[in-house]
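Got your viewer open? Grab the selection tool and let's take a walk through this one together.

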Amino acid sequence: MSRVAYVNGQYVQHGQATVHVEDRGFQFADGVYEVWSVFDGRMADFDGHMTRLHRSLNELRIPIPMTREALERVLKETVRRNRVNEGLVYIQVTRGTARRDHPFPAEGTAPSVIVTARSLPLSKGNAAAAKGVAVITHPDIRWGRCDIKTVGLLPNVLAKQAAKERGAAEAWMVDEMGLVTEGSSTNAWIVDESGKLRTRDTQSNILHGITRAAVMALAADEGIEVEERAFSVDEARRAREAFYTSASGFVMPTVSIDGAMIGDGKPGPIATKLRAQYLDQARRDAI
Ligand code: PMP
């Protein structure tokens with residue numbers, strides 16, 4: 001089936017969808033993005049991702065390209081035209097096209113907006129979650145504003161590639177103090193030795209994950225205590241359980257780190273439960 005992309009006001013064949021060579025996203029990674037998971041053709045955690053998109057744009061002073069309602073219509077239409085039932089929808093907004101020069105372009109330069117959608121069967125992620133996945137550790141060499149969801153993802157790309165080359169699903173990035181910041185495209189969690197659920201606090205050095213926030217609320221509803229405090233690689237090795245969260249992976253049980261087994265090497269009960277609950281809620285509340 002042919003895919004369709006939305007590019008600056010038009011729906012075009014995916015294979016023919018292009019932006020200008022002097023788009024600032026291409027030249028400077030001067031742009032931001034968001035990803036929603038799609039259940040039954042509807043987007044999960046809609047408001048959370050939309051609010052974060054606006055925050056990212058505001059932080060970088062990229063003009064808001066269209067109203068929230070108009071953006072919602074474009075996202076839904078792109079999902080519909082691509083007949084995505086289970087999958088992902090992606091939006092990227094850049095500072096637009098202008099002669100290559102570092103300062104912001106003239107006022108009135110239109111931001112570029114592209115939206116794509118693709119199918120990704122839930123069964124694939126469920127199969128990985130049933131077995132649990134491996135992570136490796138990797139130095140975090142990113143800039144100081146990882147809370148902004150920019151398309152400048154080169155350190156994340158290198159970390160994920162390192163994971164792939166070592167047969168792992170994700171790389172957990174580690175700061176200069178030996179503490180895990182987050183995954184290359186996910187937030188990192190453990191159930192520590194004392195049984196406490198832990199994930200790093202959200203300052204400017206990690207992305208404020210929408211799935212992270214949803215899972216934190218679910219854990220609170222379950223009466224599970226969550227501590228927002230960074231953990232070391234050593235604590236992760238000694239943890240009872242580990243998992244990571246993201247819009248595309250939901251809650252992914254993690255069973256080894258740098259080849260060392262975590263817990264009994266099987267997906268833990270808390271991770272497994274939170275995954276099921278997150279999936280139920282996301283499907284129920286999707287729009
Ligand atoms: N951290 C990073 C670096 C990411 O790229 C992502 C995925 N966008 C996440 C965390 C998870 O965030 P979310 O739950 O909002 O998808």
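How many of the nine residues of strand S3 (residues 31–39) are buried? Select that strand and have a look. Keep in mind that this is a predicted model.

**Stop 1: strand S3**

The count is nine of nine, so S3 is largely enclosed by the rest of the structure. "Buried" here means under 20% relative accessible area. Now colour the two sides separately. In a regular strand the side chains alternate between the two faces of the sheet. On one side of S3, pick Gly-31, Tyr-33, Val-35, Ser-37 and Phe-39; on the other, pick Val-32, Glu-34, Trp-36 and Val-38. Both faces turn out to be covered, with every one of these residues buried.

**Stop 2: the partners of S3**

Add strand S5 (residues 87–94) to your selection. S5 pairs with S3 in the antiparallel sense, over eight bridges. To see one end of that pairing, click Val-38 and then Gly-87, its bridge partner in S5.

Next, select strand S4 (residues 42–43), which also pairs with S3 in the antiparallel sense, this time over two bridges. Here Phe-39 has Arg-42 as its bridge partner in S4. S3 and S4 make a hairpin, with two residues between them. Click Asp-40 in that turn: its phi is positive, about 50°.

**Stop 3: two loop residues with positive phi**

Step back to the loop between helix H1 (24–28) and S3, where you'll find Ala-29. Its phi is near 55°, a positive value in a residue other than glycine. Is Ala-29 buried or partly exposed? It counts as partly exposed, because its relative accessibility is 29%.

Then hop over to the loop between S4 and H2 and click Asp-45. This is another residue other than glycine with a positive phi, near 50°.

**Stop 4: the ligand**

Time to show the ligand. Which of the 18 residues around the ligand come nearest? They are Arg-52, Lys-149, Glu-182, Ile-210 and Thr-211. Try checking three distances:

- Arg-52: a polar side-chain atom is 2.9 Å from an oxygen atom of the ligand.
- Lys-149: a polar side-chain atom is 2.3 Å from a nitrogen atom of the ligand.
- Ile-210: a backbone N or O atom is 2.8 Å from an oxygen atom of the ligand.

On its own the ligand would expose 390 Å², and the protein buries 93% of that. To see what surrounds it, highlight helix H2 (46–60), strand S9 (180–183), helix H6 (210–221) and strand S13 (241–246), the elements that each give two or more residues to the shell. Colour the shell by class and you should get four nonpolar, eleven polar and three charged residues. Then colour by domain: domain 1 (4–120) and domain 2 (125–285) each supply at least three residues to the shell.

**Stop 5: helix H6 and the loop before it**

Stay with H6 and click Arg-212, which lies in this helix. Arg-212 counts as buried, because its relative accessibility is 4%. Its side chain makes a polar contact with the side chain of Glu-228, at 2.6 Å.

Last click: Leu-207, in the loop between strand S11 (197–199) and H6. Leu-207 has 15% relative accessibility, so it counts as buried too. Now draw a line from its C-alpha atom to that of Leu-57. The two residues are 150 residues apart along the chain, and their C-alpha atoms are separated by 14 Å.

Note on methods:
Residues are numbered from 1 along each chain as its sequence is written. This is a predicted model: local features need pLDDT of at least 70, side-chain atom pairs count only at pLDDT 80 or more; totals for chains, interfaces and linings use all residues. Side-chain values use heavy atoms; hydrogens and water are left out. Buried means under 20% relative accessible area, exposed over 50%, partly exposed in between (1.4 Å probe, protein chains only). Helices (H or I, at least four residues) and strands (E, at least two) are DSSP runs, numbered from the N terminus. Two strands pair if DSSP finds at least two bridges between them. A residue is near a molecule or strand if one of its heavy atoms lies within 4 Å of it. A polar contact is a pair of N or O atoms within 3.5 Å; within protein, one must be able to donate a hydrogen and the other to accept it, and residues adjacent in sequence count only if both atoms are side-chain atoms. Accessible areas come from the Shrake-Rupley method with a 1.4 Å probe; for residues, only the protein chains shown count as cover. Ala, Val, Leu, Ile, Met, Phe, Trp, Tyr, Cys and Pro count as nonpolar, Asp, Glu, Lys and Arg as charged, and the others, Gly among them, as polar. Domain bounds come from an automatic or database domain assignment.
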